[in-house]
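Thanks, everyone. I have one structure to go through today, strand by strand and then the core. Let me put it on the screen.

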Amino acid sequence: MIDELFDRNALWALAKTKADPTYFRRLAAQQAPRFLWIGCSDSRVPANEIVGLDPGELFVHRNIANVMHTGDLNLLSVLEFAVGVLQVEHIILCGHYGCGGVRRALSAQGGALVDHWLAPIVDLYRRERRRFDPIEDEEARVNLLCELNVEMQVARVAATPILQAAWREGRRVAVHGWIYGLKDGLLRDLGVSRDGCEKTAIEAAESGERRIDPAPIDDWSEHVRKGAIHLLEAGSPCGCAAPAAPRCVVAAEAAE
Ligand code: CO
């Protein structure tokens, strides 16, 4: 079963070399992707394939529900390398409709480490609740949250010291918010890009522009770390009673 992957790999490498004999030699010599992709781990959203790019053309980071945690050393290191060393000019934050992580954030499920991971999305839902109230259809609710999540994560990436410093230096680097449709294979631009030239949050508020709050103020990484310790040490699902945990608040609301 798993050996099949080696056979497939050999066939793939052969096909690539046949089409272009210098393909791997060129790739091995340097990595110069022009884009950073931050997307969901979902196996149905293969970054390179969707945008028709070869290896070497897209720098990729994926996690469940494409979340930008303000204390995520992994994502921040990728971001720092992409902006500082690779000098990418476009960062694509791409979500997808029907995202299982977003669906879980909307459900009443809890108690696993992943729920800590998804906490910013639960929090986002609570803040934007009024927009969901008129929507009955479950899939439509999930998809709206998928879109809002992309917008929030774009704002979070834009708020990092990495992007802020790049923009202060006058660097041209944009953060785009896209969403992918599992049902039609198409990408959509949500029109929430940031390139450092836009109004500040205060200016936007004064002009009446509605914006998703990036809310990086609450550092969920501490919450995620605690959740991991619960699982590792107690070997059981998290019984975290942190008052700020949205999951706990949702549960409390349900109990009311
Ligand atoms: Co997903």
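Start with strands E4 and E5, which pair in the antiparallel sense over 3 bridges. In that pairing, tyrosine 180 stands opposite leucine 187 in E5. Before I go on, a caution: this is a predicted model.

On its other pairing, E4, residues 174-180, runs parallel to E3, and 7 bridges join the two. Tyrosine 180 turns up again here, opposite histidine 96. E3 also runs parallel to E1, residues 35-40, with 5 bridges joining them. A pair to look at there is tryptophan 37, which stands opposite isoleucine 92 in E3.

Put together, the sheet is open, has 5 strands in the order E2-E1-E3-E4-E5, and its pairing is mixed. E2 and E5, the latter at 187-189, are the edge strands, each pairing on one side only. On average, neighbouring strands are turned by 25° against each other, direction ignored.

Now E3 itself, residues 90-96. How many of its 7 residues are buried? The count is 6, so to speak of the strand as mostly covered is fair.

That takes us to the core. In soluble globular proteins, nonpolar side chains tend to be buried together. Here the largest nonpolar core has 46 residues, and the ones that touch the most other members are Ile91, Leu93, Val102, Ile121, Leu145 and Val157. At least two core residues come from each of E1, H4, E3, H5, H7, H9 and E4. H9 gives the most, with 10 residues.

Take leucine 93 as an example. Leaving aside neighbours within four places in sequence, its contacts include Ile38, Val150, Val154, Val157 and Val175. The polar residues Asn66, Gln153 and His176 are also in contact with leucine 93.

Asparagine 66 deserves a second look. Its place is the loop between E2, 58-63, and H4. Its phi is near 40°, a positive value in a residue other than glycine. Is asparagine 66 buried or exposed? It is buried, because 28 other C-beta atoms lie within 10 Å, and the cut-off for buried is 20 or more.

Glutamine 87 is the other case to check. Though not a glycine, glutamine 87 has a positive phi of about 55°. This residue sits in the loop between H4 and E3. With 13 other C-beta atoms within 10 Å, glutamine 87 is partly exposed.

That is the tour; questions now, please.

Definitions and conventions:
Residues are numbered from 1 along each chain as its sequence is written. This is a predicted model: local features need pLDDT of at least 70, side-chain atom pairs count only at pLDDT 80 or more; totals for chains, interfaces and linings use all residues. A residue is buried if 20 or more other C-beta atoms lie within 10 Å of its own, exposed if 12 or fewer, and partly exposed in between; C-beta atoms are placed from the backbone. Helices (H or I, at least four residues) and strands (E, at least two) are DSSP runs, numbered from the N terminus. Two strands pair if DSSP finds at least two bridges between them. A nonpolar core is a set of buried Ala, Val, Leu, Ile, Met, Phe, Trp, Tyr and Cys residues joined through C-beta atoms within 7 Å. Two residues are in contact if their C-beta atoms, placed from the backbone, lie within 7 Å. Axes are lines fitted to C-alpha atoms, for helices over the stretch in contact, and angles run from 0 to 180 degrees between N-to-C directions.
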